[in-house]
Amino acid sequence: MSSAPSSPSSPTPSATQTPWWKRWWRRLPPSRQDRFATLAPLLSVLLFLSAIVVAITYLRFEELEREQEAVTRDVEYAQQRLRLRLLERQEQLMRLAREIDNRDIDTEEFVFQVEALVSQFPELQAVTWVDARRNVLASYASPSAPLRLMRPTGSTLSPNETDGTFDLARDLRQPTYSRPLETQDPRNATLMLHVPLSEQGRFAGTVMGEYAIDGLMRFGMPPEIMARYAVALVDDRGQVLAGSLQAPSEVLRLLPWSNPPLEHEVPVSPVGNGLIVKAQGYRTSQDIVGSGFFWVIGALSALTVWMLLGTWRHTRRRVQAQQALVSETNFRRAMENSMLTGMRALDMQGRITYVNPAFCSMTGWTEGELVGRTAPFPYWPDEDHDQLTARLEDELRGRSTPGGFEVRVQRRDGSIFDARMYVSPLIDPKGHQSGWMTSMTDITEPKRIREELSASYERFTTVLESLDSAVSVAPLGSDEMLFANKMYRMWFGTRGQGHRHLVDLAGDQPTPSPDDGDAVDAFAGMPTETLTDAGAENAEVFVEELDRWLEVRTRYLTWVDGRLAQMVIASDITPRRYAEEQASRQAERAQTASRLITMGEMASSVAHELNQPLTAISNYCNGMISRVNENKISTQDLLGALEKTARQAQRAGQIIQRIKAFVKRSEPNPAPSDVAQMVSNAIELADIELRRHQVRLSPYVAARLPSLMVDPILIEQVLINLLKNAGEAIMQAGRAPGERYVELRVGPRRQDDMEVVEFSVRDSGNGVPDEMIERIYEAFYSTKSEGMGIGLKLCRSIVESHHGRMQVHNIYNGEEVVGCCFSFWIPVVSRLKVGDASTGPATEPVTDTERAR
């Protein structure tokens, strides 16, 4: 009997349940199966190694980039500190130069001030007063300065000594720095700053300050930067002038991404490219951890590959497993011995059963001397035995704190160091506790740094608490107070409303968004956009709650938690404001007094001028009365006489009205004024006095002059004083009647790229003596025996309050002085506004009047 064969196309039930990959694997021969079984793990290991290499390379490159950014940021910060220190010294020398320009100090006072300046700022080696011909007028050098900086008075500087900086300061008329001046020893190089002096608009020399570049390095470089990097100041040729840099060396690179040298350099502003600050990061390690980690991964991967190949070749699996176990044990032992943290194991009775090499290195005792010892241990200080015994009891009972505890440890040589210990149970392979494992870390240096930081914070807080200005810090857009000193708490309490109120009173300030992380530079704590000028100026505000005037300054900074915050410094300037207001009132009273004095001096001339129309009126009236009584006058003659009488009365009234308007006003009020009208009003009053002295006045006013934004009464006062002084100068000179004349000329002119209107008064007197021409503008100084010495002082103050300048020069005929010319100019485009009551001598700083040549 035969059975029907099964159809090959119909699969068995077991074949339909087996996955396809299993069927494919079973169809392979054993050799192919072994090959695939080995290659698959091998491929996985290679992929894993590749991923590790890529990850380590990426992380290392990212770390190097962050380190380079940190170096760049720190060098920029050091450059800013040097720049601020140079600008502070520059401002002090410029202030000294202004005092010389104003003739407020002589050579002895100059030496005294410079000596105090040099002793206060060690980087400033010498300061010299040099005239326009390079002659040394006064000089002072630090006792530690080189002999080449000792410049005796009367000596002359050679062009090589200034390296062309003197000529550059003379041409530019602004402070100019030199390149580092070379010496035999580059470490003694100096930097020279020339601040030009001006005398009547011409170059009068310089104030020359000489810096020691090594002093700038020692006193201007932040200590934290010098502690973190190798910092040096180099010139544009790379020569080290101060500080030190690491010598280039070939370092064994264990990895392709081994640390490249971290360095950055930036020119020191405002010196320029002649002086460069350069910093290099210290390399205290060769990235052993990163290199070791890479090679460990590579070794483990190679080991795995080797084991797979060994399995593929059907070698002795047990021997290979034993060798792998030994290698792993040795590797862990090596890792244990290379640890920097000290390890100590105790059994349940407190006996030392194990110490690693790091523990032995810390204490100075060998493993044989420590293992098996019980308390008290040899590294315990004698005075701490009781405390450490109690601590050991707590350890054995499991009462140790998870955060560890601090102890003092005595080395074998008797020295003491601070350490932190962490205790954890020691579990055997069976899961039973066999003792306690203790790790020990030396914290002497971190503890010292922490104590120094705490002391520094206390000193910083003490300084801020003792300031007489209110200092507050608050986050942007929040009333939370981050810091407030004692003065702020006294004025506004502890809340942030006072901080916000001061910011609002100070006006519009540039306020960056605290949420925009890309808009803030973490180094400077400032917006990356350029701030407006208003944000850099100080604001003077009046706080009604305190009844005080405060000077408010604001700046942005990054707080310790990374938030962008705003610091406000408010200083009490109430006394200064009151003093300015008092000075302004005194100046206004002085102007009024000057006009009253002028009219008092002209009283006889005014009386004579009024006497003429009054006499004519009397004569007309008497004549008309006589002719009316005699009936000898007609109506037409009577009307003609009355008209003449009325004109004479009107003339007298105009003179009185003009005098009243000139004397009465005392409150300055700038307004658009017609030049011709001002000149006419001044001539009408001054001509009375000139005619009394038999002086001829010749006025000339150019046509189509623009109107000026001035106070007309003040400008008329200047013209009247100059015309009156001109007439008195001619009288003192005793000129013949034909030689008594005064010329008044008014016309347009261009001064310093600015359109101005110039007023000049020329007389035919004896001029001003050369020894007095520099002092005629001083208060209470006069060339006249009966003069008070305030006329020309007020005239110059009035002109300069209108942003103009006044000058004087003698008129020569050969070597003979035949007259004098006083002139002043007023800008056509003025910064004064209509109704500005602050116009006056007290509102603008008085500068030297230019001397015309």
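**Exercises on a predicted model**

Phe359, Phe377, Tyr379 and Trp380 form one aromatic cluster. The structure is a predicted model, and the exercises below begin with its aromatic rings.

**Exercise 1. Determine how many aromatic pairs there are, and classify the pair Phe377 and Trp380.**

Solution. A pair of aromatic rings is described by the distance of the centres and the angle of the planes. Rings pair if their centres lie within 6.5 Å, and planes over 60 degrees apart count as edge-to-face. Under this criterion, the count is nine aromatic pairs. For Phe377 and Trp380, the centres are 5.2 Å apart and the planes stand at 80 degrees, so the pair is edge-to-face. Both residues, Phe377 and Trp380, are buried.

**Exercise 2. Classify the pair Trp491 and Phe492, and state whether these residues are buried or exposed.**

Solution. The centre-to-centre distance between Trp491 and Phe492 is 6.4 Å, and the angle between the planes is 85 degrees. The pair is therefore edge-to-face, given the cut-off of 60 degrees. Trp491 and Phe492 are both buried.

**Exercise 3. Identify which ring face Arg89 lies over, and which one Arg391 lies over.**

Solution. Arg89 is placed over the face of Phe121, at 3.5 Å from the ring centre. Arg391 is placed over the face of Phe405, at 4.4 Å from the ring centre.

**Exercise 4. Describe the surroundings of strand β21.**

Solution. Begin with the burial of the strand: β21 spans residues 564-572, and seven of its nine residues are buried. Next, take its partners. Strand β15 (residues 470-475) pairs with β21 in the antiparallel sense over six bridges; within this pairing, Ala474 has Gln566 of β21 as its bridge partner. Strand β20 (residues 548-558) also pairs with β21 in the antiparallel sense, over nine bridges, and here Glu551 is matched with Ser571 of β21. Finally, consider the connection: β20 and β21 form a hairpin with five residues between them. In the turn, Gly562 has a positive phi of about 90 degrees.

**Exercise 5. Explain why Thr162 counts as buried, and list what it touches.**

Solution. First, locate the residue: Thr162 belongs to helix α5 (residues 159-162). Second, apply the cut-off: buried means under 20% relative accessible area. Thr162 has a relative accessibility of 1%, and therefore counts as buried. Third, list the contacts: leaving aside residues up to four places away in sequence, Thr162 touches Arg134, Leu157, Met192, His194 and Met208. With Arg134, the contact includes a polar one between the two side chains, at 3.3 Å.

Technical notes. Residues numbered from 1 in each chain as written. Predicted model: local features only at pLDDT ≥ 70, side-chain atom pairs only at ≥ 80, totals over all residues. Heavy atoms only, no water. Phe/Tyr/Trp six-rings, centres within 6.5 Å; stacked < 30°, edge-to-face > 60°. Buried < 20%, exposed > 50% of the residue type's maximum accessible area, 1.4 Å probe, protein only. Lys NZ or Arg CZ within 6 Å of the ring centre and 35° of its normal. Helix = DSSP H or I, 4+ residues; strand = E, 2+ residues; numbered from the N terminus. Pairing = 2+ DSSP bridges. Polar contact = N/O pair within 3.5 Å; in protein donor to acceptor, adjacent residues only side chain to side chain. Contact = heavy atoms within 4.5 Å.
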